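Me: I'd like a close look at one part of this model, namely a pair of charged side chains. Start there, then take me through the surroundings.

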Amino acid sequence: MTLQIKSLKQYKKVYQESVDNPEQFWAEQAATFQWQKKWDKVLSWDFKKPDVKWFEGGKMNITENCLDRHLKDRADQTAILWEPNDPNAKTVKYSYQDLYEEVCRFGNALRAKGIKKGDRVCFYMPMVAELAIGVLACARIGAVHSVVFAGFSATALADRIKDASCKMVICSDYNARGAKNIPVKQVVDEAMLQGCTSVETVIVHKNTGGKVNWEPARDVWWSDAVYRRQKHCKPAAMSSEDMLFILYTSGSTGKPKGVVHTCGGYMVYTCFSFKNVFQYEKGDVYWCTADIGWITGHSYIVYGPLLAGATTMMFEGVPTYPDAGRFWQICEKHKVNQFYTAPTAIRALMAKGDEYVEKYDLSDLKVIGSVGEPINVEAWNWYNEKVGKGNAPIVDTWWQTETGGIMITPLPGITDTKPCYASYPMPGIQPILVDSQGVLVEGNDVEGLLCVKFPWPSMIRTTYGDHERCRQVYFSSFENMYFTGDGCRRDSEGRLRIIGRVDDVINVSGHRMGTAEVENAINEHPAVIESAVVGYPHDIKGQGIFAYIIAQEGTVGDAGFEKSIRDVVVKEIGPIAKPDKMLVVPGLPKTRSGKIMRRILRKIASGDASNLGDISTLLNPDVVAVIKEAAGV
Ligand code: WTA
């Protein structure tokens, strides 16, 4: 059994051991899993390249550990509890036995369609159980899954399919989201027209049953694909360092990059972190409200919980449908014990008033979690008092797509909690703060750039198809360290507080967005000459998107123009990247070397232009006053 820490004393001891002797520590954890062949070497690493290998020489399949391993003692226990969008529709339960059989059947279907070990398969699906089944079926046969959040546009989907040369796309017909029925297959059809020549087959899961267009040579219904397939499927023998999945995420420059995770280390770390952060006990019902299109869903809806033999819930809908009590109604209905969500959802529900949360019995909650962005004090307090009733500790978990698993977090009931503090590193995680020169910032009551100085099993291995980019983005800023892109404060007692991104990445409702990516989309508009996008503080979203736009002469920056800009962004990226505010400006403040001074634009966007610092060195200092006036600050 994977180690589950139970006391502060034990946490301190285990943490120390994990730092003093990491290889021994992780070998002990890895030994609690089922391996087809034991590893030869626990760890080899070189952050310069980067080249990190965990459990080299080992052979395994993560689905044997998620499924087969549990059939002995929990075949009938619910593995996935699927709660539909419609509150009156029936909950669907998949026992471990059911899930095993569904995964095997679909794995056989994939093989029959010619999918082999190493092939990339793209998923573009809403939160239906088939998404989890499909992902696991890929892992079963050694195919690499690339899940694309179903809110992305056809263009964004096509970019990701092409980058990974996916051989297959798996989608649903429609997505039932609140009162809406959103076409999904139609978006895939549009993406296919954008040069996705690698795709041979599109498998379509019938979700709501609406009308879809059909390409007979390419499209197959899920139900037909699995028809009469065997309920056993031989698991592929995967090397520890074989690719498990690709997940695209935004950075400060260029197009989103495909973060690559591998099999062995990811398995060990997601299970270990799940068990400890949520203190999951047999019989508990665990619910993470994330979408599987993001890393949180990969690690803490699918892999972590299933590896630990948990009952994990998947929810198809939205927190405000049919009303703002939906989350709490579901918690009551299923007696949820561990609840994990994002600050943006907490703030949105907090704004709707306490009556929605007070109506329901939340007494089964033991741990409540937060992830994806900094949580503000008001939201932390409300979550603590109204949801946790002061009894369920908040785990404010800091981590990233690239880290694969939770890195810094309180352990509930074991370490203390303090509003807005992710607090303490997990065993095996060695965070440090450095200044902009890379000099270690020591002591307490200090701030710095957050880095990690030693490898951990679930860390990023490469960015798909472009290893140099991985080196450049994460390993080149500071020698021998993984650089997170986040700023961080250490309080007088050593707890860590994540302040936010220090690069050109903004965090909108917990979704990472590259400012360059949004600018590129806006620049597609025929009347746009140049644009600059920055984040600004937003009550619900955490950060909102503020776009400064230089438009062609004669363009009126009215509501019609703003709508046409939003439409372009929706087409290029998706609704999540729509600018909240726009301002047509005659120019952008630039340095003499032509770089946009975002610092100034951020200040003006935040509504406080009182202290802009020295602007005399700008190429065009006069433009600042014009922008200030246009912004009314
Ligand atoms: C931010 C999500 C403050 C951070 C798992 C990080 C957080 C980025 C927290 C990664 C937290 C995540 N407190 N900030 N508890 N968790 N972040 O890749 O800026 O979607 O770098 O992974 O979200 O976002 P990603």
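Which side chain does Lys590 meet in a salt bridge, and what is the N to O distance?

Reply: Lys590 pairs up with Glu530, and the two side chains meet in a salt bridge at 2.9 Å, N to O. The pair ties together distant parts of the chain, 60 residues apart: Lys590 sits in the loop between strand E30 (581-584) and helix H19 (598-605), while Glu530 belongs to strand E28 (residues 528-538). A salt bridge here is a side-chain nitrogen of Lys or Arg within 4 Å of a carboxyl oxygen of Asp or Glu. Helices (H or I, at least four residues) and strands (E, at least two) are DSSP runs, numbered from the N terminus.

Before going on, a word on what you're looking at. This is a predicted model, where local features need pLDDT of at least 70 and side-chain atom pairs count only at pLDDT 80 or more, while totals for chains, interfaces and linings use all residues. Residues are numbered from 1 along each chain as its sequence is written, and side-chain values use heavy atoms, with hydrogens and water left out. pLDDT is the predictor's confidence in each residue, from 0 to 100. The protein averages 97, and 100% of the residues score at least 70. Among the elements, strand E6 (residues 120-124) has the highest mean, 99, and helix H20 (residues 622-631) the lowest, 94.

Back to your pair. Lys590 counts as buried because its relative accessibility is 18%. Glu530, at 22%, is partly exposed. The cut-offs are under 20% relative accessible area for buried, over 50% for exposed, and partly exposed in between (1.4 Å probe, protein chains only).

This salt bridge has company, since the structure holds 38 of them. Take Glu572 and Lys571, whose closest N and O atoms are 3.5 Å apart. Glu572 is buried at 19%, whereas Lys571 is exposed at 53%. Arg495 and Glu493 make another salt bridge, with 3.3 Å between the closest N and O atoms. Arg495 is buried, with 8% relative accessibility, and Glu493 is exposed, with 55%. Those two also belong to a network of salt bridges that links them with Asp416, Lys418 and Asp491.

Just before Asp416 in the numbering comes Thr415, in the loop between E20 and strand E21 (431-434). Thr415 is buried, its relative accessible area being 7%. A polar atom of the Thr415 side chain lies 2.8 Å from the backbone nitrogen of Leu411. That's a polar contact, meaning a pair of N or O atoms within 3.5 Å; within protein, one must be able to donate a hydrogen and the other to accept it, and residues adjacent in sequence count only if both atoms are side-chain atoms.

Now for the ligand. Its shell has 17 residues, and the closest are Asp396, Thr397, Thr401, Asp486 and Arg512; being near means having a heavy atom within 4 Å. Strand E20 (394-397) supplies at least two residues of that shell, as do helix H11 (295-307) and strand E25 (496-501). By type, the shell residues are six nonpolar, six polar and five charged. An N or O atom in the Arg512 side chain is 2.7 Å from a ligand oxygen. On the backbone side, a ligand nitrogen is 3.4 Å from a polar atom of Pro374, and an N or O atom of Glu373 also lies 3.4 Å from a ligand nitrogen. The protein covers 96% of the 530 Å² of accessible area that the ligand has on its own.

A few backbone oddities round out the tour. Most residues other than glycine have a negative phi, and most peptide bonds are trans. Phe55 in strand E2 goes the other way, with a positive phi near 55°, and is buried at 0% relative accessible area. Lys335, in the loop between H12 and strand E18 (338-341), has a positive phi too, about 50°. As for cis peptide bonds, one joins Lys49 and Pro50, with omega about -15°, and Pro50 lies in the loop between strand E1 (41-46) and strand E2 (51-56). Another joins Tyr321 and Pro322, with omega about 0°; Pro322 is in the loop between strand E17 (311-315) and helix H12 (326-333).

Technical notes. Accessible areas come from the Shrake-Rupley method with a 1.4 Å probe; for residues, only the protein chains shown count as cover. Ala, Val, Leu, Ile, Met, Phe, Trp, Tyr, Cys and Pro count as nonpolar, Asp, Glu, Lys and Arg as charged, and the others, Gly among them, as polar.
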